[in-house]
Amino acid sequence: GGSVVGGISDGEAYLAALSPEGDIVWQKEYTTESNGDAIYAVRTLWDNGFIVGGSIDWGTRWIARLDSDGEILWQIRPENDKVGNIYDIQITSDSGFIAVGEMWPIRTSDPDMWIGKFDSTGSLIWQRTVGNPGTDNFEFGMNVLEMDGGNFIVASGSGEVTLPYSVLIKHPDGGYLYGGHRTKLWKISATGSIIWQRDVDV
C-alpha cells in the first residue's frame, strides 16, 4: 500500500520507501563519490524488491537489483567504452528487464538511443543503439513498454528535446497511450530489431 521514489540528492542516487500515509519508512543513498549518481527509474519486483536504473560515476549507465529494504543484491554497468544514462526500465514477461536511455559515443557531441534486454540475474541478452550524426539528431530512449507478443514500443527524445518528461502506457484495446513532448516512437522486436519508426509532432 506504500510507494517508492527515486532521484538524486546532493549528487548521490537516492531512493525512499513511503508508507500509505506518506511517511518515510526507509531511505538510502547510493554513491561512487563522484557527485554524478542518479536514479531515473524504479520498479517494484515480484518479491517486493526493486530494480532501479540511472547513472553512476559521472554518466555510466547503471542497473541495480535491490531487496525490500533497499540493499543492493547485484548491480551492473552495461559494458562498452561509452558513457550514458538509463531513463526507464521495465519488468518483462519472462521475468527479465528491458531498459532504455542514451549512449554518448566517444569523441562525439550528441547521444544515440540505447536499449538493452537483460535476464533476471542482470546478464545482458542483447543491446543496440540508434542514432544519426549531428547535434540536431540527439537520440535517447525515454520510455519503454512491452507489448503482447514480446515486442517493445520505445519513445525517444530527439533534436532540441533534452529532458525525459513523458509517459507511455498500455491501452485496454491492445494499443498504447503516449503523453509528452515531440517524440519518435519505435517498435522493437523481442530480439532487438527495428520493426518500424514513427514521428509524433503535434
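# Exercises on aromatic pairs and a four-strand sheet

A search of the whole structure, which is a predicted model, finds 7 aromatic pairs.

**Exercise 1.** Classify the ring pair of Trp26 and Phe50 from the centres and planes of the two rings.

*Solution.* Step 1: the ring centres of Trp26 and Phe50 are 6.1 Å apart, and the cut-off for a pair is within 6.5 Å. Step 2: the planes stand at 70 degrees, and planes over 60 degrees apart count as edge-to-face. Step 3: the pair of Trp26 and Phe50 is therefore edge-to-face. Step 4: the pair links distant parts of the chain, with Trp26 in strand β3 (residues 24-30) and Phe50 in strand β5, 24 residues apart.

**Exercise 2.** Decide whether Trp26 is buried or exposed, and do the same for Phe50.

*Solution.* Step 1: buried means under 20% relative accessible area. Step 2: Trp26 has 13% relative accessibility, so Trp26 counts as buried. Step 3: Phe50 has a relative accessible area of 7%, so Phe50 is buried.

**Exercise 3.** Classify the ring pair of Trp46 and Phe97, then state the accessibility class of Trp46 and of Phe97.

*Solution.* Step 1: the ring centres of Trp46 and Phe97 are 6.4 Å apart. Step 2: their planes are at 10 degrees, so the pair is stacked; the cut-off for stacked is under 30 degrees. Step 3: Trp46 lies in the loop between β4 and β5, and Phe97 lies in strand β9 (residues 97-104), 51 residues away. Step 4: at 48% relative accessibility, Trp46 is partly exposed, whereas Phe97, at 1%, is buried.

**Exercise 4.** Find the strands at the edges of the sheet with the order β4-β5-β6-β7.

*Solution.* Step 1: this sheet is open, has 4 strands and shows antiparallel pairing. Step 2: β4 (38-44) and β7 (72-76) each have a single partner strand, so one side of each is left without a neighbour in the sheet. These two strands stand at the edges. Step 3: on average, neighbouring strands of the sheet are turned by 20 degrees against each other, direction ignored. Step 4: β4 pairs with β5 (residues 50-56) in the antiparallel sense over 6 bridges, and Arg43 stands opposite Ile51 in β5.

**Exercise 5.** Name the ring that lies under Arg61 and the ring that lies under Arg198.

*Solution.* Step 1: Arg61 lies over the face of Trp114, at 4.6 Å from the ring centre. Step 2: Arg198 lies over the face of Trp196, at 4.4 Å from the ring centre.

Conventions
Residues are numbered from 1 along each chain as its sequence is written. This is a predicted model: local features need pLDDT of at least 70, side-chain atom pairs count only at pLDDT 80 or more; totals for chains, interfaces and linings use all residues. Side-chain values use heavy atoms; hydrogens and water are left out. Two strands pair if DSSP finds at least two bridges between them. Axes are lines fitted to C-alpha atoms, for helices over the stretch in contact, and angles run from 0 to 180 degrees between N-to-C directions. Rings of Phe, Tyr and Trp (its six-membered ring) pair if their centres lie within 6.5 Å; planes under 30 degrees apart count as stacked, over 60 as edge-to-face and the rest as tilted. Buried means under 20% relative accessible area, exposed over 50%, partly exposed in between (1.4 Å probe, protein chains only). A charge sits over a ring if NZ of Lys or CZ of Arg is within 6 Å of the ring centre and within 35 degrees of the ring normal.
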